[in-house]
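Let's take a walk through this fold, starting with what sits inside and ending with what sticks out. Keep the viewer open as you read.

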Amino acid sequence: MTSEQYTDWLAVARRYSRVAPEAEDLLHDALLTAAGADRLDLTDEDNRRWLTGVIRNQAAFRARSAVRQRQREGAVASGVETRKRR
């Protein structure tokens, strides 16, 4: 991957990331996922679409996790017990 391609993918990650500093971590995690799925050939249009989807889905997962964490912390701070889901 060239530095120009990396910059382009970082821009994609920034577009989906809620917090700009997390975009680089998001991209690195997505690239590791791509390596594990043998989809690092980014000259293939299907792999580029797939990687964009991975970035989008991971960003959404992180956003949901952050909201849940804030809710748990707020509940603890206010003295409300939280129950674990089964």
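A residue is called buried when its relative accessible area is under 20%, and exposed when that value is over 50%. Keep those two cut-offs handy, and keep in mind that this is a predicted model.

## The core and its helices

Start with A30, which lies in helix α2. Its relative accessibility is 0%, so A30 counts as buried, the cut-off being under 20%. Leaving out residues up to four places away in sequence, A30 touches L51, V54, I55 and Q58. If you go looking for the start of the chain from here, the C-alpha atoms of A30 and M1 are separated by 14 Å, with the two positions 29 residues apart along the chain.

A30 is also one of the residues with the most contacts inside the largest nonpolar core, a set of 15 residues. The others on that list are W9, A13, L26, L27, L51 and I55. Helices α1 (3-16), α2 (23-36) and α3 each supply at least two residues of this core, and α2 gives the most, with 6. As a general point, nonpolar side chains in soluble globular proteins tend to be buried together.

L27 is a good residue to click on next. Not counting residues up to four places away in sequence, L27 touches Y6, W9, L10, A13 and I55.

## A polar link from α3

Which side chain does Q58 reach with a polar contact? Q58 is found in helix α3, and a polar contact of 3.3 Å joins its side chain to that of T33. Setting aside neighbours within four places in sequence, Q58 is in contact with L26, D29, A30 and T33. So that you can place these partners: A30, for one, lies in helix α2.

T33 also makes a handy yardstick for distance. The C-alpha atoms of T33 and A20 are 13 residues apart along the chain and separated by 20 Å.

## The second largest pocket

Now for some empty space. Rolling a probe the size of a water molecule over the atoms shows where empty space is left. The second largest pocket here has a volume of about 160 Å³. Its lining is made up of Y16, S17, R18, V19, E22, L26, A59, R62, A63, A66 and R70. Sorted by type, the lining residues are 6 nonpolar, 1 polar and 4 charged.

Which helix gives the most to this lining? That would be helix α3 (residues 45-77), with 5 residues.

## Around the loop between α1 and α2

S17, one of the pocket-lining residues, is found in the loop between α1 and α2. Is S17 buried or exposed? With a relative accessible area of 13%, S17 is buried, because that value is under 20%. The S17 side chain reaches the backbone oxygen of V19 at 2.7 Å. Not counting residues up to four places away in sequence, S17 touches E22, A23, L26 and A59.

A20 lies in the loop between α1 and α2 as well. Its relative accessible area is 51%, so A20 counts as exposed, the cut-off being over 50%.

R15 has its place in helix α1, and with a relative accessible area of 58% R15 is exposed. R15 and A59 are 44 residues apart in sequence, but 9.7 Å apart in space, C-alpha to C-alpha.

## The loop between α2 and α3

Two residues are worth a stop here. D38 lies in the loop between α2 and α3 and has a positive phi of about 55°, although it is not a glycine. Most residues other than glycine have a negative phi. D38 is exposed, because its relative accessibility is 70% and the cut-off is over 50%.

T43 is found in the loop between α2 and α3 too. What joins the side chains of T43 and D41? A polar contact of 2.4 Å does. T43 counts as exposed, because its relative accessibility of 66% is over 50%.

How values were computed. Residues numbered from 1 in each chain as written. Predicted model: local features only at pLDDT ≥ 70, side-chain atom pairs only at ≥ 80, totals over all residues. Heavy atoms only, no water. 1 Å grid on protein atoms, 1.4 Å probe; cavity = no way out; pocket = protein on both sides within 12 Å on 5 of 7 lines; lining within 4 Å. Points joined across faces, edges and corners; volume = space filled by probe spheres on them. Helix = DSSP H or I, 4+ residues; strand = E, 2+ residues; numbered from the N terminus. Nonpolar A, V, L, I, M, F, W, Y, C, P; charged D, E, K, R; others polar. Polar contact = N/O pair within 3.5 Å; in protein donor to acceptor, adjacent residues only side chain to side chain. Contact = heavy atoms within 4.5 Å. Core = buried A, V, L, I, M, F, W, Y, C linked by side-chain atoms within 4.5 Å. Buried < 20%, exposed > 50% of the residue type's maximum accessible area, 1.4 Å probe, protein only.
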